[in-house]
Amino acid sequence: MSLPRNTTVLIVGAGPTGLASALSLINHGFKDFIVVDALVKGDNSSRAIVIHAATLEALDVIGCGDELVSKGTKLTSMNFDTRTGILARLPFDTLKPYTRHPYGLVIPQTLTEHVLGQKAASLGLTVHRPHKVVGMKVNANDTNLADITFEDGQVITTRYVIAADGARSTIRTIAGIGFVDPKSDHGHEFTTLAQLAPADVTFDNPVSNNFAFRSVMSKSNFFLCASLPPTFNEYLSRETACGAPIEEGPVPHAPSKAYIQNLIDRFGPLDLSSDPSVNPSGKSVCVKEIIWSSRVRTHSAVADTFFTRLSLNDSSKPEGAAILLVGDAAHIHSPIGGQGMNLGLRDAVFLGEVLVKHIKATESIPVSEADHILTDFVVERRTRALEVIGFTKKLLSVGGMKETIVAWWLPISKVTLRDWVLWILGKIYYLRRQVIWNMSGLGRR
């Protein structure tokens with residue numbers, strides 16, 4: 001497909017954050033942009049599966065919230081269990097005074113992307129596929145513009161580039177923006193959950209299909225299983241994710257049914273065990289089919305800045321095309337807590353308003369004066385990213401608590417102490433509300 005040669009804004013990446021960026025621009029009356037993506041079509045796996053309240057409110061702004069809710073399953077509580085019993089139930093209804101979405105919405109990322117894509121198409125937007133960016137340089141005739149080169153040799157000249165091209169962002173790399181882990185007191189040395197094995201599966205026992213969301217704390221590991229909505233596909237599949245002990249080697253690129261079954265039997269709830277002698281029902285529950293499986297490292301990283309200019313010859317002057325990072329191009333972290341796509345979507349929706357404001361400002365004042373609009377915005381978004389990274393690292397340290405003694409003067413297991421604390425947490429209203437508030441994103445939009 002032939003690409004347009006010029007545009008004011010080029011959005012690279014048509015996943016959820018790229019599409020949300022486009023919809024936000026349209027919502028604010030701006031249509032001089034192009035969206036490109038390297039893939040022939042979007043992914044059809046579940047990947048991220050929860051949209052939280054703050055994100056649904058942002059998606060309401062671009063007209064997608066209600067449609068997503070209609071296709072998802074409302075999660076009324078976060079449940080933390082051991083392999084044999086209940087630890088804590090944390091209801092989402094504590095959010096009712098603060099939002100019209102007092103729940104978590106279980107919906108696979110592919111459906112989220114589909115809804116955003118349909119909305120964009122209804123507004124006349126075309127995603128140009130497959131077009132992979134391979135180069136970016138300052139335009140020879142106007143240093144305020146950038147020439148973006150694609151694998152097939154085509155070139156688009158633009159004033160702004162929104163990099164929504166994922167954790168391995170080509171745009172971020174070419175722009176020379178660093179992308180490293182912000183160190184904290186909750187690094188991998190505090191958790192056993194360095195890698196996860198997520199999968200979309202079906203079970204052979206219908207009884208095992210009668211739940212919406214389960215998370216299981218076991219010694220040195222964490223297991224999660226969520227029912228995917230029937231609007232996802234006809235399989236009535238479940239998303240599972242389980243830590244894989246690092247000492248047993250890396251998780252395979254696409255874990256097999258036997259690999260996933262082994263993790264469930266070792267770390268999942270006993271009533272999902274394939275061993276009838278262990279399963280409380282006296283029957284085996286086996287993985288029937290793997291729809292999709294993958295591997296995930298739980299490391300974190302954040303870009304040094306979410307905004308820069310592609311200046312010529314390392315010039316410090318405020319010239320050159322504006323480069324803006326959103327979503328995984330700007331920040332990545334553990335999927336525990338379901339925060340990644342949520343933060344990226346909020347980045348994208350909020351960016352639309354700010355970018356249109358900046359474009360209009362440059363019509364009447366110098367770029368150097370207008371740039372504070374973008375600078376102030378990205379400082380705030382990067383602060384939010386650091387907060388979320390810190391939060392997910394804390395969750396990792398809880399879910400992957402190491403089986404060691406607390407101290408010589410308190411000779412009990414840290415895992416036992418964690419389970420006691422979670423049990424107490426489930427009994428105290430204020431603490432329950434605080435955890436759900438943090439999960440919802442309402443305090444760090």
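The exchange below goes through several local features of one predicted model.

Biologist: What are the conventions for numbering, confidence and atoms?

Modeller: Residues are numbered from 1 along each chain as its sequence is written, and side-chain values use heavy atoms, with hydrogens and water left out. As the model is predicted, local features need pLDDT of at least 70 and side-chain atom pairs count only at pLDDT 80 or more, while totals for chains, interfaces and linings use all residues.

Biologist: Which residues have the most contacts inside the largest nonpolar core?

Modeller: A nonpolar core is a set of buried Ala, Val, Leu, Ile, Met, Phe, Trp, Tyr and Cys residues joined through side-chain atoms within 4.5 Å, where buried means under 20% relative accessible area, exposed over 50% and partly exposed in between (1.4 Å probe, protein chains only). Helix α7 (residues 340-361) gives the most to the largest core, with eleven residues; helices (H or I, at least four residues) and strands (E, at least two) are DSSP runs, numbered from the N terminus. Of the 79 residues in this core, those with the most contacts inside it are V9, F33 and L355.

Biologist: Which strands stand at the edges of the open sheet that contains β19?

Modeller: The sheet has three strands in the order β12-β19-β22 with antiparallel pairing, and two strands pair if DSSP finds at least two bridges between them. Strand β19 (residues 301-303) is joined to β22 by two bridges, with A301 opposite I332. Each edge strand has a single partner, so one side of each is left without a neighbour in the sheet, and these strands are β12 (179-180) and β22 (331-332).

Biologist: Is G338 buried or exposed, or partly exposed?

Modeller: G338 lies in the loop between β22 and α7. Leaving aside neighbours within four places in sequence, G338 is in contact (heavy atoms within 4.5 Å) with V50 and H52. Its relative accessibility is 24%, so G338 counts as partly exposed.

Biologist: Which element gives the most to the nonpolar patch?

Modeller: The patch is formed on the surface by W423, I424, I428, Y429, Y430 and L431, and the elements that give two or more residues to it are α10 (414-425) and α11 (429-440). W423, in helix α10, is partly exposed at a relative accessible area of 46%. With three residues, the element that gives the most is α11.

Biologist: Which residues does the cis peptide bond join?

Modeller: The place of P130 is in the loop between β8 (127-128) and β9 (133-138). With omega at about -25 degrees, the cis bond joins R129 and P130.

Technical notes: Patch = residues over 30% accessible without salt bridge, like charges linked within 9 Å, V, L, I, M, F, W, Y side chains within 5 Å. Areas by Shrake-Rupley, 256 points an atom, 1.4 Å probe, with all protein chains shown as cover. Salt bridge = Lys/Arg side-chain N within 4 Å of Asp/Glu carboxyl O.
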